[in-house]
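Me: I'm new to this one, so could you pick the place where the two chains meet and take me through it slowly? I'd like to know what packs there.

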Amino acid sequence: MEIPYVVTPRKDTGLFNSKIAIWLFLASEVMLFGGFFSAYVFLRLGADYPWPERTLPVLPGLINTFVLIGSSVTVVFAWASLKMRKWRHFQIYMGITIACAALFMVFKAIEYNVKFHHQAVRLSDYTVVEGHLGYEKENGEYVLDHHGSKIEENQILIESSGVTFNTVRFHAPWVEELLSQASHRKARIRLATDVTGRTAEGGEAVTIAKAGEPLSIDLLEKIKEVHLKARSHNGAVRTAALRSEWKKAKAENPGKKGWEISSSVNIDAKALEESKTLLSEIPTIAFTVEPPVRFDFKPRDVREGEAQSRLRDDTVIDGKLLASPMVFHYVDAIDFRHLAMKAVEKGQDPISAVENSWLIKNHPFAREAWEWNKGQVAKLEAKLLEDYGVDRKTGLPKREPTAKERYRMDWKDFVAMSDGVDRGQGKIAIKEEFMGPDYKGRESSKTFPEHFSLPREQVGFASKFTPAWNTYYAIYFTITALHGLHVIGGALVLAFYLFFGRKMYDTNPEWLANRVEIGGLFWHFVDLVWIFVFPIFYLM
Amino acid sequence: MADTAEAVRKSIRTYLFVGGVLFLGTIITVLVATVPWLDVGHHGFDTWDAVLGLAIAATKASLVAAVFMHLNHEKKPVYWIFGSGLVFVVALFALIGLAKNDPIHDPLFYGSQSTTPAPMASPTMR
């Protein structure tokens, strides 16, 4: 059967069918991306923290823009080549287009990867410290965890004497991790007391597990099975008891509505207990740790407390919370913008707020960087005053340093500081523009502080540069990831025309040209979205 | 299809020209955002930078739509379909205005904090 209107236009629309279809799709795409861009504006206008403007590295973004615009040109040329029946040219241009798409995704992957490995910490006074976590000894060696691998994440350390598992919710990999840590530190986790209970209707309580049995997943599973069986059995027994109570009440009060007698319908819990029909439910299982040893937890898995902490699977860890500082192996930015913003909101002087902050008082490097930055801001103020003068009406300088220049010191500033030059004049390698600072290479010049410890109680919020860090990164990842998916989808379709189009070219070249035009329209749309993404996210 | 091989051949130069303009536009966008003496408005990013940056982006986008996507010589249904999508986007952005100029907005409802969202840009931050 021949598909109508793939080459010849329909009389009513004047277009071949797939063109109408792609424009319908593009109209819905415009609304989709329009929704996200308006969400961006909402988030930016409503942000209660200093919006991280001009924070992404411009060079990779710029190259990606060139790559995408270039591919947009070549996809038009590929279509034009088909129109002029030049198969070889079509292959070349389409090949370049797909290569551009691949290059774009490579840059995007690098950009994402750098963010996913970059740590940010907001202190309780709203100072923000950025860098890389890692536990490191004085002699420069890493502290390893009990598996022998580098600790690159902040850890919550608890000296534990007892662990209580939730019978139903315990998470087996975490149990194994606890066992592994305990055995490494030569401690044993044993059942605290006998687990006893009635396991059969009418029977007496039996011992399910004896005190002193070592912790194992099998043991937990065994108790879980008993518990779940008892729970479902008891549910059925209670329902049956309730049903018979209702029957009795209805018989005693003929003609009355259910709601009128409902308050008098109750299960006789005591009688039920004495009838020995209920089985024993064991909702939690307690273990002792002998001798008490340290356990390490990931912060996201544990809600820590002074004497008792709780894991996300409801496991309760008894024991003392040890000092669990966040240790930065490299610090590559110190940002006081949020702190200054809070000070201004409270009517305080932001400069003295910064100088009284915990970080400035406790870290010589932060102090040094701040003093350097103050010098740079003074220089910039003088230069702006010289270049642009004073506003006659207000008497204030026409141009002043931005909040970012006043309150944020990033890795490029640290490079300039260690090079002994002014801001923006430090030597940055091209590779560093893409991948972030070359920490190892700059170790000898002590550009980045290698050991920077933040006590647990000073940490307000910590996250990698993921959507969790703030709404800026949330909308950045949403829009760019959605755009990236479009790039992949578009490239797949275009690649299909390139690699499987020859047969159609030989039989009906105009049809293939129309198909490529449709694929091209989508590709231009992807480029069009990026034309807005680039300035909005990288330059504003 | 109205695009004959001959018409396409004639358009090649236009496509190249538009491609060149897009590259140039991108460079200009970066320059006005990074070179201090090309900075419009105040020092650093402000409303005028946003307006200029978006104006350049809108120009580039229009060129792509008009020339690469052939919207400069398309049939009527395409304009209707695409236009109706655009209407909703414009309406969405209009909603932002509604939120910012809320007729029953009460600043004290959220506490006594300042309602201006960008104290960072204010000259009091010195």
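Reply: Here is a walk through the contact between the chains, then the cores, then one helix.

Keep in mind that this is a predicted model. Where chain B meets chain A, 52 residues of chain B are in contact with 59 residues of chain A. On chain B's side, the elements giving two or more residues are helix H1 (5-34), helix H2 (47-68) and helix H3 (76-100). By type, that side of chain B splits into 33 nonpolar, 13 polar and 6 charged residues.

Now for the packing. The largest nonpolar core has 62 residues, and A:Ala78, A:Trp79 and A:Ile531 touch the most other members. Both chains feed into this core: H1 and H2 of chain B each supply at least two residues, and so do chain A's helices H1 (17-46), H2 (58-83), H3 (87-116), H15 (471-500) and H17 (509-539). H17(A) gives the largest share, 19 residues. Take A:Ile531: leaving aside its neighbours within four places in sequence, it is in contact with B:Ala57, B:Lys60, B:Ala61 and B:Val64.

There's also a second, separate core of 38 residues, with A:Tyr126, A:Phe328, A:Ala353 and A:Leu454 among its members.

One more stop is helix H8 (residues 337-345) of chain A, where the buried residues include A:Arg337, A:His338 and A:Leu339. The buried residues of H8(A) pack against strands S2 (128-133), S11 (326-335) and S12 (408-410) of chain A, along with helices H9 (350-355) and H12 (403-407). After H8(A) comes A:Gly347, with a positive phi near 80 degrees.

Technical notes
Residues numbered from 1 in each chain as written. Chains lettered and ligands numbered in written order. Predicted model: local features only at pLDDT ≥ 70, side-chain atom pairs only at ≥ 80, totals over all residues. Contact = placed C-beta atoms within 7 Å. Helix = DSSP H or I, 4+ residues; strand = E, 2+ residues; numbered from the N terminus. Nonpolar A, V, L, I, M, F, W, Y, C, P; charged D, E, K, R; others polar. Core = buried A, V, L, I, M, F, W, Y, C linked by C-beta atoms within 7 Å. Buried ≥ 20, exposed ≤ 12 C-beta atoms within 10 Å, placed from the backbone.
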